[in-house]
Amino acid sequence: MFERFTKAARATVKEAAAHAERDGAAVVTPEHLLLALLDRENTRAAAVLGRLCPPERRPSLLAALSDARRRAGLSRADAEALADLGIDVGAIVERVEETHGAGALAGDRKDAGWWSGRLTFSREAKTVLEKSLRVAVARKDREIGDEHLLLALTVLGGVVAEALADHGVTFASVDTGLSSPTPL
């Protein structure tokens, strides 16, 4: 599948791994793929993201991702469903952080145990890569570009898709943005 990735898509995947490494994560997640896409310049995904989520709105997007990380990756919809059952996720996060420190629920860390030194992709990140192929095929594109990675992130649900949608970045808006002529 990677032989069909454009140079921009390959660079995005590599940068996602670099983000994961800098974060001290043992796996590359969809969030790392999004962070890498946000770093890109002069690509189709960068152009669309630049219009839909301009730099001045990105701190809000990053804060939404950080909040979800604090909730152990639970989306707002998950937290609301648990609230309907009488479970206050915010109170649980506060209690855990009181005992174990800030960010205790933030996820899989390198220093949490044995680590091989080689980053792998989480199941969810692998699903994003697979979905990018399906998106490219559905669009009748011959290669998988970083725009296909962005489209895949918007349709797979979860925290990243929720944060993107809250900031106006949906499959439909990205698809429309890719269809309109834009200078790179």
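## Around T6

T6 touches E143, I144, G145 and D146, leaving aside residues up to four places away in sequence. Keep in mind as you look around that this is a predicted model. T6 sits in the segment before helix 1, which covers residues 7-23. Its relative accessibility is 18%, and because buried means under 20%, T6 counts as buried.

## Helix 2 meets helix 8

D146, one of the residues T6 touches, also turns up in the contact between two helices. Helix 2 (residues 30-39) and helix 8 (residues 146-155) pack at an angle of about 135°, and their axes are 11 Å apart. That angle makes helix 2 oblique to helix 8. The crossing of helix 2 past helix 8 is left-handed.

On the helix 2 side, the contact is made by P30, L33, L34 and L37; helix 8 brings D146, L149, L150 and L153. Sort these by class and you get seven nonpolar residues, no polar ones and one charged.

## The nonpolar core

Now for the largest nonpolar core, which has 39 residues. Inside it, the residues with the most contacts are L34, L150, L153 and L164. Helix 1, helix 2, helix 3 (44-52), helix 4 (58-70), helix 7 (123-138), helix 8, helix 9 (158-166) and helix 10 (171-179) each supply at least two residues. Helix 2 gives the largest share, six residues.

Want one residue to zoom in on? Try L164: not counting residues up to four places away in sequence, L164 touches L34, L61, L150, L153, T154 and V169. In soluble globular proteins, nonpolar side chains tend to be buried together.

How values were computed: Residues numbered from 1 in each chain as written. Predicted model: local features only at pLDDT ≥ 70, side-chain atom pairs only at ≥ 80, totals over all residues. Heavy atoms only, no water. Axes fitted to C-alpha atoms, helices over the stretch in contact; angles between N-to-C directions. Helix = DSSP H or I, 4+ residues; strand = E, 2+ residues; numbered from the N terminus. Parallel < 35°, antiparallel > 145°, perpendicular 65-115°, else oblique. Left-handed = near helix turned anticlockwise from the far one by under 90°. Contact = heavy atoms within 4.5 Å. Nonpolar A, V, L, I, M, F, W, Y, C, P; charged D, E, K, R; others polar. Buried < 20%, exposed > 50% of the residue type's maximum accessible area, 1.4 Å probe, protein only. Core = buried A, V, L, I, M, F, W, Y, C linked by side-chain atoms within 4.5 Å.
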